[in-house]
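Let's take a stroll through this protein together, starting from a single residue and working outwards. Have the model open so you can click along.

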Amino acid sequence: MGKVSNPRWKCYPHQLFFFLFYSFQSLTSAVIRYSVPEEMDRGSFVGHLANDVGIPRTDVAGRRLRISSSSNTQFLNINSETGDLFLTERVDREELCDKMHLCLLMFEAVVENPLQVFAGEVEIQDINDNPPVFIPDKITLSIIEMTSPGARFRLGQAEDRDIGANSLLQYQLNPSDYFYLNVVDRERGKDVELVLNNTLDHETHSNHVFILTAKDNGIPRRSGTAQIHISVVDVNDNTPEFSQAVYRISLREGSPKDTLIAKVSATDRDRGPNGEVRYSFKKLTETARSLFKLDPVSGEIILEGTLDYEEVKRYELTVEAKDGGGLTADTDVLVEILDDNDNAPQITISTVSNEMSEDAVAGSVIAFINIVDLDSSNNGETNCYLQEHVPFKLQPLYRNYYTLELNGSLDREKVPEYNITITAVDKGFPPLSSVKTIFLKISDINDNPPQFYKAMYTAYVKENNPPGHVILTVEAKDTDWKQNAQA
């Protein structure tokens with residue numbers, strides 16, 4: 001089983017969760033692991049959490065075993081009577097994790113008396129619920145009749161949102177005397193090429209139509225199709241050639257709109273209209289389409305939207321160059337997004353109590369604190385501290401959790417209340433910071449005796465005074481509060 005690393009003063013750039021506790025005793029270091037298939041019904045059983053962490057079923061309700069209120073998952077909950085972990089809604093693995101090999105729902109569970117925190121993860125296993133899809137599902141090619149057998153035409157690949165065997169694809173083409181399929185391994189996966197088997201004749205067959213089928217290896221097998229339209233044209237015997245097979249670009253997330261990202265360039269050795277090249281995006285997601293604009297003549301790719309590293313860290317663009325005769329070539333433009341320090345640390349505070357007795361001992365817990373910074377690397381690392389000259393300290397607890405504790409003695413008669421300021425600063429440039437304040441009232445104990453204003457009082461009394469006559473007035477004060485100060 002995995003282990004949780006030792007707490008440190010640093011705060012790391014992982015999104016963590018905050019807990020409200022009324023006593024703090026221990027934190028577990030083991031990670032509880034479960035796995036369930038995706039698309040299970042709401043309420044489906046995940047695991048016997050209480051049993052797995054050693055809590056008898058009879059103690060579950062009394063010890064308030066529950067999911068942390070700050071855990072960033074809406075998919076999990078715990079049965080308050082049995083301690084079983086269950087799904088609160090249907091989970092679509094592809095929506096949650098896309099093509100990531102390992103899809104995990106992280107959670108943290110809390111139990112009281114004594115206080116314990118359990119870190120856990122639920123692996124969402126893939127099922128074959130997505131068919132292969134061609135984008136686009138209609139492929140148009142123009143091929144000159146003089147093209148030699150063996151010429152290859154890239155068709156791209158089908159996309160299957162599943163993973164593993166469920167996304168391993170096999171391709172088929174309906175039988176033809178003119179073409180056959182060839183599957184090529186590329187950096188981004190397998191691409192399908194249409195290979196010319198025999199010389200085309202425009203006068204005999206000016207058009208060809210084929211059905212390309214992709215089948216996955218899941219159970220049951222799913223399939224998708226694309227229609228290929230081939231127009232046979234004359235004389236254009238040179239395809240465009242890009243200056244680079246792959247364009248690799250690094251771009252900061254704060255780059256302004258209209259920034260020139262890259263300029264692709266392809267040449268065609270033909271003359272006239274057959275040598276004129278125009279560019280277009282061949283395969284683009286809706287998100288990428290809203291961010292990037294391609295000039296069809298110059299090949300310049302311009303930033304048209306706002307980038308956010310925390311949402312998408314990499315874009316893969318396919319640019320097609322097509323000459324006047326219909327011949328095409330493709331190139332890939334890989335855009336890596338670089339992180340800017342654009343997120344300040346977030347401080348989450350939960351107070352155990354907003355009042356503390358003046359006779360509280362050092363180490364008494366006032367509040368629990370969690371620091372989260374959404375940026376990466378140094379931009380997401382934080383330091384946390386208190387203002388000077390206060391009898392309190394921040395005690396590292398678990399990853400980027402802290403407790404605010406008493407670090408000295410209190411005297412209500414000297415300082416009846418405190419405004420404790422907590423500051424978190426990240427290590428980016430320029431550094432960003434956040435500040436939060438906790439108000440703490442000091443409650444009184446009867447630790448001061450009454451004191452007379454004078455150590456000795458002297459009075460002179462005349463004889464024959466009537467009963468009830470005031471001889472002398474004495475006065476004492478007590479620096480305590482309310483009933484503790486009443487004589």
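**Starting from one threonine**

Find Thr421 first: setting aside neighbours within four places in sequence, Thr421 is in contact with Tyr385, Leu386, Gln387, Val435, Lys436 and Thr437. Keep in mind as you click that this is a predicted model. Take Tyr385 from that list of contacts. Thr421 and Tyr385 are 36 residues apart in sequence, yet their C-alpha atoms are 8.6 Å apart in space.

So is Thr421 tucked away or out in the open? Its relative accessible area is 23%, and buried would need a value under 20% while exposed would need one over 50%. Thr421 therefore counts as partly exposed.

Now zoom out a little. Thr421 belongs to strand β32, which covers residues 417-426. That strand is part of an open sheet of 4 strands, and if you read across it the order is β27-β33-β32-β29, with mixed pairing. At the edges sit β27 (355-357) and β29 (382-386), each of which pairs on one side only. On average, neighbouring strands in this sheet are turned by 30° against each other, if you ignore direction.

Have a look at the β27 end of things. Strand β27 is joined by 3 bridges to β33 (residues 433-443), and the two run parallel. For one spot to click on, try Glu355: its bridge partner in β33 is Lys441.

Time to leave the sheet and go looking for a hole. How big is the largest pocket? Its volume is about 1400 Å³. The lining takes in 34 residues, and the ones nearest the centre are Asp98, Lys99, Glu159, Lys283 and Thr285. Several elements give two or more residues to that lining: α2 (93-97), β11 (158-159), β12 (169-173), β14 (189-196), α3 (286-291) and β24 (314-323). Which of them gives the largest share? That's β24, with 5 residues.

Finally, pull back to see the whole thing. The protein has 4 helices and 35 strands. Of its 487 residues, 44% count as buried. If you take the contacts with a separation of 6 or more, 69% of them are between residues 24 or more positions apart; the pair you started with, Thr421 and Tyr385, is 36 residues apart in sequence. As for the outside, the protein exposes about 26600 Å², and carbon and sulfur atoms supply 49% of that area.

Conventions:
Residues are numbered from 1 along each chain as its sequence is written. This is a predicted model: local features need pLDDT of at least 70, side-chain atom pairs count only at pLDDT 80 or more; totals for chains, interfaces and linings use all residues. Side-chain values use heavy atoms; hydrogens and water are left out. Two strands pair if DSSP finds at least two bridges between them. Axes are lines fitted to C-alpha atoms, for helices over the stretch in contact, and angles run from 0 to 180 degrees between N-to-C directions. Buried means under 20% relative accessible area, exposed over 50%, partly exposed in between (1.4 Å probe, protein chains only). Contact means heavy atoms within 4.5 Å. Accessible areas come from the Shrake-Rupley method with a 1.4 Å probe; for residues, only the protein chains shown count as cover. On a 1 Å grid over the protein atoms alone, a cavity is a set of points where a 1.4 Å probe fits but cannot get out, and a pocket is an open set with protein on both sides within 12 Å along at least five of seven lines; lining residues have an atom within 4 Å of a point. Grid points are joined across faces, edges and corners, and a volume is the space filled by probe spheres set on the points.
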